[in-house]
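Colleague: Could you walk me through one part of this model in close-up, and then carry on into what surrounds it? I'd love one connected tour.

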Amino acid sequence: MSRVNNLLSQLQKYKNIKLPQKVKIVEMGPRDGLQNEKTIVESENKIKFINLLSQCGFQAIETTSFVSKKWVPQMGDASEVYSKIDKYPNISYPVLVPNVTGLDQALKVDVKEIAVFGAASEAFSQKNINCSIADSLKRFNDVVIKAQQNGIKIRGYVSCVMGCPYEGDINPLKVVEVTQKLFEMGCYEVSLGDTIGVGTPEKTKNLMQALSQFDFKKLAVHFHDTYDRAIPNILVALEHGIQVVDSSVSGLGGCPYAGKPSGNVATETVINSLNYLGIETGIDKEKLKKASDFICGLLNRQNISINF
């Protein structure tokens with residue numbers, strides 16, 4: 001069965017199930033997309049790419065990451081890119097910040113929103129940021145306090161919510177624990193990341209049930225499409241009340257610390273799927289195609305989204 005027919009078969013199951021009327025798409029391409037691409041994109045082209053995305057109707061575009069150039073060279077121009085993009089008043093442009101040093105750099109270019117991240121896996125936390133989950137949360141608490149003092153909004157991420165390349169399956173209660181701590185710190189929203197794409201609809205259902213104590217309007221999902229299960233997983237999350245979905249135009253990128261590359265679910269695939277089910281996203285597909293064609297041309301890569 002072709003990818004299109006397989007996806008349509010999955011979508012058909014949700015035709016008569018109550019889902020949100022509107023879903024907010026958080027576009028991750030400029031940061032989570034590009035950070036794991038082998039080709040280094042020049043700053044001026046990143047700026048053009050983000051400006052094209054700003055014309056598409058997104059409410060949020062994660063722009064860059066204030067991390068060490070030594071560890072993530074693709075993000076070494078964060079200050080230049082953020083300071084030179086066109087900023088629309090109705091769009092937020094969050095940036096990833098791993099520590100106070102990164103926050104200080106972000107403050108110099110007047111960033112308005114940051115993202116901090118914790119993992120539900122001890123081994124992944126050690127590989128990714130060289131410290132335990134507990135120590136990482138303490139470190140991020142310092143970042144959050146200083147961000148709040150400067151009037152900056154904070155979004156949280158939890159990595160490896162379904163599984164870890166080093167530990168295997170993750171106990172949903174560990175995800176609950178990290179999510180709770182991020183909210184206690186002051187995050188307005190927490191995005192749940194299936195970092196290596198091992199999630200299934202059943203795992204997603206179990207995770208949603210474990211997280212039932214939280215307001216689902218303050219949670220988001222972030223699926224990687226390693227095994228073509230991102231859309232079925234997203235639909236399960238929407239069925240439980242999730243209304244925010246992270247995705248990356250053309251299926252760009254993935255986590256550089258997650259072992260083999262595992263691309264983010266393509267924004268186009270998400271939008272096409274939601275449109276098929278009558279769910280509004282507010283995204284202009286023609287303008288999105290322009291942004292997609294531009295970045296895929298620069299990277300000499302194929303757009304892996306599913307169109308129908």
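Let's start with a cysteine: is Cys164 buried or exposed?

Modeller: Happy to, and please keep in mind that this is a predicted model. Cys164 is buried, with a relative accessible area of 4%.

Its bonding is worth a look too. The count of disulfides comes to zero. Cys164 is in no disulfide, and the nearest cysteine sulfur, that of Cys160, is 4.6 Å away. A disulfide would need the two sulfur atoms within 2.5 Å. Another buried cysteine is Cys56, at 2% relative accessibility. The cysteine sulfur closest to that of Cys56 belongs to Cys296, and at 13 Å it is too far for a bond.

From there, let's turn to the sheet. Nine strands form an open sheet with parallel pairing, in the order β2-β1-β11-β10-β9-β6-β5-β4-β3. Its edge strands are β2 (60-61) and β3 (64-65), each of which pairs on one side only.

Strand β9 deserves the closest inspection. Six of the six residues in β9 (residues 189-194) are buried, so this strand is largely enclosed by the rest of the structure. Both of its faces are covered: one side carries Glu189, Ser191 and Gly193, the other Val190, Leu192 and Asp194, and all are buried. Strand β6 (residues 153-159) pairs with β9 in the parallel sense over four bridges, and within that pairing Gly156 has Val190 as its bridge partner in β9. Strand β10 (residues 219-223) also pairs with β9 in the parallel sense, over five bridges; here the bridge partner of Gly193 is His222 in β10. A helix comes into play as well: β9, helix α9 (residues 201-210) and β10 make a right-handed β-α-β unit. Moving further along the sheet, β10 pairs with strand β11 (residues 244-247) in the parallel sense over two bridges, and Val221 stands opposite Val245 in β11.

Side chains add contacts of their own, so to speak, starting with the rings. A search of the whole structure finds four aromatic pairs. In one of them, the ring centres of Phe183 and Phe214 are 5.6 Å apart and the planes meet at 35 degrees, so the pair is tilted. Phe183 belongs to helix α8 (residues 172-185) and Phe214 to the loop between α9 and β10, so this contact ties together parts that are 31 residues apart in sequence. Phe183 is buried at 19% relative accessibility, and Phe214 is buried with a relative accessible area of 11%. Tyr276 and Phe308 make an edge-to-face pair, with 6.0 Å from centre to centre and 80 degrees between the planes. That pair also links distant parts of the chain, with Tyr276 in helix α11 (residues 267-276) and Phe308 in the segment after α12 (285-299), 32 residues apart. Tyr276 counts as partly exposed at 27% relative accessibility, as does Phe308 at 34%.

Lysines sit over tyrosine rings in two places I can point to: Lys153 lies over the face of Tyr188, at 4.3 Å from the ring centre, and Lys87 lies over the face of Tyr82, at 4.5 Å from the ring centre.

Finally, the salt bridges. The search of the whole structure finds 13 salt bridges. One of them joins the side chains of Lys203 and Asp169 at 3.0 Å, N to O. This contact links distant parts of the chain, 34 residues apart: Lys203 is in helix α9, whereas Asp169 is in strand β8 (residues 168-169). Lys203 is partly exposed at 24% relative accessibility, while Asp169 is exposed, with a relative accessible area of 61%. Another salt bridge connects Lys146 with Asp104, the closest N and O atoms being 2.6 Å apart. Here the link runs between Lys146 in helix α7 (residues 133-149) and Asp104 in helix α5 (residues 100-108), 42 residues apart. Within helix α4 (residues 78-84), Lys84 and Glu80 lie four residues apart, about one turn of the helix, and their side chains meet in a salt bridge of 3.3 Å, N to O. There is also a network of salt bridges that links Arg31, Asp32 and Glu62.

Terms used:
Residues are numbered from 1 along each chain as its sequence is written. This is a predicted model: local features need pLDDT of at least 70, side-chain atom pairs count only at pLDDT 80 or more; totals for chains, interfaces and linings use all residues. Side-chain values use heavy atoms; hydrogens and water are left out. Buried means under 20% relative accessible area, exposed over 50%, partly exposed in between (1.4 Å probe, protein chains only). Two strands pair if DSSP finds at least two bridges between them. A crossover is right-handed if, with the strands pointing away from the viewer, the path from the first strand over the helix to the second runs clockwise. Rings of Phe, Tyr and Trp (its six-membered ring) pair if their centres lie within 6.5 Å; planes under 30 degrees apart count as stacked, over 60 as edge-to-face and the rest as tilted. A charge sits over a ring if NZ of Lys or CZ of Arg is within 6 Å of the ring centre and within 35 degrees of the ring normal. A salt bridge is a side-chain nitrogen of Lys or Arg within 4 Å of a carboxyl oxygen of Asp or Glu.
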